[in-house]
Each structure stands twice: as structure tokens, then as C-alpha cells.
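Grab a viewer and a coffee, and let's work through a few exercises together. Try each task yourself before reading on.

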Amino acid sequence: MPPVGERPEPRAGWQRPALIVLALALAALALALRDLALRLPPGQWGAALLAPDATDTRQMLVHLTVMPRIAVALLCGAGLGLAGAVCQQVLRNPLAEPTTLGISAGASLALSAATLWAPGLLAYGREGVALAGSFAALLFVFGLAWRRALSPVSLVLAGLIVTLYCGALASALSLFHRDYLIGIYLWGAGFLSQQGWGVAAFLLPRLGVAAFLIALMVRPLTLLGLDDEAARNLGLGLTGARLAALVVAVSLSAAVTSAVGVIGFVGLAAPAIVAIAGARRLRDRLVWAPLCGAALLWLTDGLVLLIPTGYREVPTGAATALLGAPVMLALLPRLRKGVLWRAEPAAAVPRAARPGLVLAAGAGLLALALWGALAFAYGPRGWSWAGLTGIAEMLPWRGPRVAAALAAGAMLAMAGMLLQRMMNNPMASPEVLGVSSGAALGVIVALFLTEAPSRVVQLAAGTAGAFAVLLGILVLGRRDAFSPERLLLAGVATSAAFGAIVAVAMATGDPRVGTLLTWLAGSTYGVDPGEAAGFLAAAAILAGLAPMLARWLDILPLGAATAQAVGLHVPRVRLVVMLAAAVMTAVPTLVVGPLSFVGLMAPHIARLIGLQRALHHLVGAAILGALLLTLADWAGRTIIFPYQMPAGLLATVIGGPYLMWLLRRR
Amino acid sequence: MRAPRPSRREAVAAILAAGAGLHPARNAAAAPMPRVAAAGWAGAQTLLALGVVPLALPEIARYRALVAEPPLPESVQELGLRSEPNLELLTALAPHLIVADAGSVTSPLARIAPVATFAPLRPGRRPAEAAREATLALAARLGRDAEAQSLIAAHEARLAGAAERLSGDRGGPLCLVSDAFGNRALVFGGNSLYQDVLDRVGLRNAFTGATSAWGHATVGLDQLAALDPTTRLVLLTSRVPDARTFLALRPLWRTLPFLREERVTVLADILFYGGLPSADRFARLLAERLAPGNAARG
């Protein structure tokens, strides 16, 4: 319902959002009427909705498939829009939506696990399983962030870690049990097709209850948008209010996810669109975000229905991401500074007394790890230690893998360090730029267009994808001095589109999905000696150039004003740093795939060890990243021989808990 | 249990010999067993059907569960994941030939031994023809042409036998589903391996929509509901013990006419991109479960 009685301040806060919603809804309505008219004469529409003639197949089809589908699209869109608006308010972060908190990842991991080990549980409804997974993931996130009274930054960071971790566990399951999980992929891509009114009846009461509860919480939620300090002064129990609002939003999104699968982007896009369109007050956003989400999803679904169904029916969830991303990018230049975003630097950590010594020890450790990775292995003859001279035998196999892991780890860690410093945001990691998603998209397209793309074709396609995204970011960011929040949003939009494409690829049941999975999980398996040499050389050049950015990276976290005051040309500096990070992300993605958890983890650990000066931080992160991926690659090809686990995946599985422990300790 | 491992020098010599071309291998047809490793299940199936036991195969336990036929001797070594067959182990085994499935990444394998890609499904070709050609091509590389001829003859005989057993079948068309979750299903259509078998045994496929190069498509229940009302559902999976369990796990499916009336037959897992052995397995299971007198509803 539109806020009829409200007197909007200076510039109408609801007019433009209302226009946008109306335009979306009218377009969707036109598509729906066209679809209905093709199926049934208008005179029978009422009968088909309310009292269909059971002997008339056309009426029954409209009653049982067409109309419930519209209802489900509207309900899901509204639910996701509302959940997203609440999350963004509570977390004070434009990237926040229930998926940022690990909900989808937790749900999908729980469903995969239940399918493999307790199929009987699914008999009681997958809703329950998905909800349990969602809340388990959420509890983990809260547990990690509790000590900081659930402050927005730590919550988002914890959510990101839990998401990546669940994702890694789910990929490990798919790698080893893919044949038994095809069903999950069929469901997980976000198809809205219906067979009766059951799903709509499931969603409606849940949406109603959630909307009622949120309406009760409008005042505390408004205060949550202020600083912690200001809100506390107003006498608001912060932790309790955050928890209550989040639990409602998460339950709602988990219900949607368990009913129709993963529909990404609506929860992110709908609140952002209405905010950018001028709904500045929370009350306006809470009204318009669900309406916008409903209209957006309905329209998207209408467009999906226009596509002639080939063997790959397009899931609506994938389409929302593909359609929503450009809408979001187009709206970005209108994003007002400070409307959605407050930079919140990570908590300070005591500085290491002797950073030089720490770095030297790290380098020594890395050298030992490299030797071990080449010489010590479990093979057809059991455990073997090749010493120094015997390394040559397996060098053609181990050499390229070790080199690739070393170079990829170092480059991704440096890219993550650059981004975290430049954006002054602890959740900035190489994948938020969208460059790795672009590269991965290129490779996936190559995989599905050709029967068996050669390595060269894959590299070319990946490079093209990465450059396309980079170009887009440059064009978009140029207008606004490359401000971090816009770059992050653009990157998230690209990543969302990417996730949708991967989901579609998985849902095809194509036998080559296994190859795709291992590559997505960060595998050094296919690297040949020539590639490894080129890769190492590229890493060496980039590592040699990166320290030239050190002074800038010391100054940038102090804020744009300070940087300007000491004589930096901030837009140019940001552009250079971003380009460097993009190249350092794209190159390893092409070789070992897009799983770059190392790029998030290594700079963090380096900072927590106490490496604070930019140069120390950079070198420390590079050493740690290289160490982490080298060890992961060694373990991945050793511990379950002759099976192998991709290095990126194993680094996530092993390094994740360590990072969580570090975060909890502080 | 295992054959004595070749020394490092022998292994290198073997690689060099294999790299020099496959003619020695062809001449060695008289020798008891060619040194062949299988990097994929489809190739392994046809190798075994040709009487060649591969040195190694990926995901052996999974092969025994999901592919099942032909049975795998104990001597075959585990090679790791299908997507990443272990290269160090393959090098140590020193095969003369590696048989990879179509669509897999072969460049690392080619550094160890010549690679033969086994492609029983090819765009634009009938699966039966493509499978036959792929079998003959693989047999020719191994010098097993005679075995290939008898394999094809046996395949024809099996299909003819199945057709005879099913000749009394008066039921409606079949809808072949290998996997289902929620309201989506993976169904097999006109260019699948199964379609050729159905054509040969005189049964109709209820699903006529577009499919992928592997002959399958993912569809919603609304599309299944629109199929011929006399359709019978055939589940190509052994993860469902019987139709009743299937329904209990998927309540939505009860709205479909063929499930309401329990027209469901559960077969077993079959490798849908396998060659002639997969077609044989499908034909045999179909005849066993559908033929009059065996009204097995699980």
C-alpha cells in the first residue's frame, strides 16, 4: 500500500520510487495478460482463477500453473525485497542481504548433506532442512561477531566467511558426490514453475507475519541506521534490536529460498533501487522495497516466459541476476554518498615489534614449504622423501603445480591487500571487483560453446571476460573518482550474474560439470610447465612493481580528505591501485580458477600478526598467500591419494577456521 | 595382486615407445593385454566389453554403483576423481594408451601417453550409429576389430531379444527420468542413447521436447503434467527402492496422473553417455521390469 497520508519533505521521497514500481508492474502486467490471452479467452480468466472447470485442460493449466506462478513471483519478490531492506538497515551496508549472512549457503549445504546422508529428512519437507541450515549458518555468524556487539562490519565479514566456508564444503560434497546431487542443482537454480497453489499458500502467511513484525519495529530500526554511539544514547538495546530484526528477515528469506531455490539479487537490488530513486527514510524504503522486489521478480519471470523453451529452461533466479545487474549499474551514478554507506575501518591491532624479522621468518618458512611440496609426497609407492636430488623425477608433475600455487597465492593476497586498504573495508577481497567472475564467465561460455575447449581457448575466453568487466568498471567508476562503494556494488552485481550462470550450468546435468567444478574450486591440476613459467614470471613482475604503491597505501586508509591534503590525486591513485588489483586477480583466475579466499584471508592474517606499514603488510600478505596455497596444493594431492582436492578449496577448508579463530580472539 | 611395477627406466622407455606411434600396440594385439588406462567411465565400459581390462580407472566404487556393467575386475587400480585423474600414478603405470571420455580435458594426459577420445554421442548423429562407430574406432586402435564385431553382433541380439520380450507390451509411452528434486526433473528425449533402444524395442518416448547434446533436459512438473495421460514413468536410478518411497520423498509429484495411478517402473542407474554396454543394460532392465508377467512395480 502506498503511504497515502505521508507529507514528504522537500523533495517527494516516494514519487520516484512509486513511478519505478508502477512502470515495472505495468510492464509485468502487460506480459502476463499477453501470456494469459494466448492460453485462454479473457472471458474465462475469472473462472480459471476461482472455480476452474476440472474437465477443461486449458483452464486447469492456467489455474494450476500460470496463476500460482504469478502469485509466487510476487510473494517471493516482496519477501526478498523486505528482507533485503531490513538487512541493509541493520548492517548499514548496501551489500547486505540475507545471502551476505550465509543464509543461502547454509541452506544449500544442509540440503546437499541431507540428500546424501539423510534422505528421509527431506520427506518431512525440504523447508525444514533449509531453515535449519540457514539458522545454523546465522548462529555461526552471530557467534563470530558477538564480542563486538554485532557491529555492522564484523557481522558482514563473519557472514562472508561463513558463506565462503559453506560454499567450500558444498563444493567438496559436489566434487565427490556429484552424481547424487544433480537433484539439488535442478532445484537450486531458482525455477518458479508451479504445479498448484501449495507454494503460494506456504509463502503468504510467512510474508504477512514478517511484514507485521517489521512494521512493529520501524522505530528501533530507524535508530539502528544511526551510529552505535548515537543509538545507545537514545536508550536502545542494540544487540537485541539487531537480533530481532535479523531473525525476522532471515526466516523470511529462508522460507523463500526453501520454497523456490536461490533467487539472488532481488534482495540486494530492490532496496538499492528505491533508495537511489530517493526513498531516503527507512519507512519509505520498507514500503517500497518489497513492492519493487515483487514487481521486479514478476517482470523478470514474464520475460523468462517469453524465451522459447529449449532443453535449458532458463531459471528465473538466473534471469533476475542477469537483468538486475545492468539496472543496478545504470542506477549507480545516482547513488548519493553516505546514503547507504559508512566506511568502518577494521579494529586496530598492536603493531609487531620487528616486522623485518617476522617477514624473514615467513620467507624461510615458505622456502621450506616449497621444498617439501616438491620432495615429500604420498604416491603409488607410499610415502616418499626425494631429498634434493630425487626431486627431478616428479618435477614435470609437481613443479608446475607448486609454481602455480605459489604465484597464485602471492598475487591474490596482494590484490586483496590493495583492495582492503583502498576501500578501507575488511570484506573487500579480489572477487568483489567482479574481475575473477568475468574471467570465470568467459571460461564457462567457452566450455559450453565448444565441445572440449583447449587450454588456449580457455585462456583467451577468460582474458576477454576479465577485460570486459574491467572496462565496464572503468567506464562506470570514472564519473565518480572511483569511489569504493560504487566499485563494490558494481563488483557484487557482476558476481551475482556469475553465480546465476554457474547455477544454470550445474542444472543442465552436463557430464563436463565435474571439470568445471574442479576449476571453480581453484585447481592447479591442468597447469603445464610452459604455463607455469609464464605465470611465475608475471607474478614476479607484479610483485616487483607492487611496492611502488606502498606510500599511497599508507595514506589511502586515512580517508580521501587527508590523502588530498598531503598532495595525492585521489581519483588517479584509486584508478592505479584498482587496475593493479584487477590484473593481480585476473591472472591467477585464468590459471587456477576464481576461488580466491586466499585473497581475503592472507591480508587479514598479515594484519592481525601486526604488519601495519603498507610495505610490510604487502610483503607479509604475499608470503602468507603463497605459503597457504602451496601447502593446500601439497595436501590436496597427498592426503587422499590418488584422489585430489583442489588447492583453493582446501585452503578455504583449512584456512577458514584459523581465520575465524583469529577473529574471535580479538 | 598388482603386476610388478615397472622401474623408472622402463616407464620412460614405454612412454617413448608409445609416443613414437601406436603401430607397435596394434601389432601387439596377439599379446595378452594391452597396457591401457581409462580416464572416464564410458571408455572403460567399452574397453571391458571388448575384453580389455584397463590398468586403472577413476572413482571405482562409484563406477560399481552407478555404471555396474560390465563388472570391473579387482586388478584395476583407483585413479582418483574423474575430473582429475592422478597424473603421478598414471605416469608410474606407464600405459601405452589412455582412453578419455569426450568433453574431458586431455592435455595433461597427452603428456603421459597417446590419448584416444571415446565419443559415443556426437551432435547430429543417431546415438546408435555414433556408439557403433566409436566402438569400432577404439577397437581398431587396440587391434581388437574381431572383438568389436562380435560385441556389435551381441548388442543386436540383445536388442532383438528385448524387443521380443516387450512385443506384448500394450502400455502408453514412457517418460524416462533419472533425477528429480522438488518440482524439477531430468528427463531423456529424442537424441538420447535410450531413444534408439526404445525405437528398436517398439516403445514410444512420451517426452518429445528439445534436449542437450547428451539427450537430456531439465523440465518442471508442469511440462510432465502435459504429457500423454497414458504415460508410464520409468525411473533410471537405484537410489529409489520403489515407487512408494519416491512419492513419499516428493509429495508434489502426487499431482501427476502417472504417479496417482502408480504407473511407475524403477530400473537402476545407467551411464547415459555410455556406449553399447549402456544401451544393452537399459534394454535388459526394461525388458525385465516391463515385460508382461513381470509387473514389477518396485
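Below are five short exercises, each with a worked solution.

This is a predicted model, in which local features need pLDDT of at least 70, side-chain atom pairs count only at pLDDT 80 or more, and totals for chains, interfaces and linings use all residues. Residues are numbered from 1 along each chain as its sequence is written, while chains are lettered from A and ligands numbered from 1 in the order in which they are written.

**Exercise 1. Take stock of the two chains.**

Start with secondary structure, where helices (H or I, at least four residues) and strands (E, at least two) are DSSP runs numbered from the N terminus. Chain A has 27 helices and 2 strands; chain B has 13 helices and 10 strands.

Next, burial: a residue is buried if 20 or more other C-beta atoms, placed from the backbone, lie within 10 Å of its own, exposed if 12 or fewer, and partly exposed in between. In chain A, 57% of the 666 residues are buried, and in chain B it's 54% of 298.

Last, contacts, meaning C-beta atoms (placed from the backbone) within 7 Å. Taking pairs at least 6 apart in sequence, 79% of the contacts in chain A join residues at least 24 apart; for chain B the figure is 64%.

**Exercise 2. Describe the two strands of chain A.**

First, find the pair: β1 (376-379) and β2 (382-385) of chain A run antiparallel, joined by 4 bridges. Strands pair if DSSP finds at least two bridges between them. Then look at the turn, a hairpin with 2 residues between β1(A) and β2(A). Finally, pick out Phe376(A), which sits opposite Trp385(A) of β2(A).

**Exercise 3. Why can α17 of chain A be called largely enclosed?**

Begin with the geometry. Helix α17(A) covers residues 435-449, and its 15 residues reach 21 Å from first C-alpha to last, close to the 21 Å expected at 1.5 Å a residue. That expected span is 1.5 Å times one less than the number of residues.

Now check burial: 11 of the 15 residues of α17(A) are buried, so the rest of the structure largely encloses this helix. Among them are Gly438(A), Leu441(A), Ile444(A) and Leu447(A).

**Exercise 4. Place Arg178(A) in its surroundings.**

Arg178(A) belongs to helix α7 (residues 152-188) of chain A. Count the other C-beta atoms within 10 Å and you get 20, so Arg178(A) is buried. Skip neighbours within four places in sequence, and the contacts of Arg178(A) are Val513(A), Gly514(A) and Leu517(A). For a long-range check, Met506(A) is 328 residues from Arg178(A) in sequence, yet their C-alpha atoms are 9.9 Å apart.

**Exercise 5. Work out how chain B meets chain A, and how its own domains meet.**

Count first: 48 residues of chain B contact 44 of chain A. Elements giving two or more residues to the chain B side include α4 (60-66), β6 (174-181) and α11 (243-249) of chain B. Sort that side by class and you have 22 nonpolar, 16 polar and 10 charged residues. Here Ala, Val, Leu, Ile, Met, Phe, Trp, Tyr, Cys and Pro count as nonpolar, Asp, Glu, Lys and Arg as charged, and the others, Gly among them, as polar.

Now turn inside chain B, which splits into domain 1 (8-118) and domain 2 (158-290), with bounds from an automatic or database domain assignment. Each of these domains gives 9 residues to their contact. On the domain 1 side, helix α3 (residues 41-49) of chain B gives the most, with 5 residues.

Terms used: Contact = placed C-beta atoms within 7 Å.
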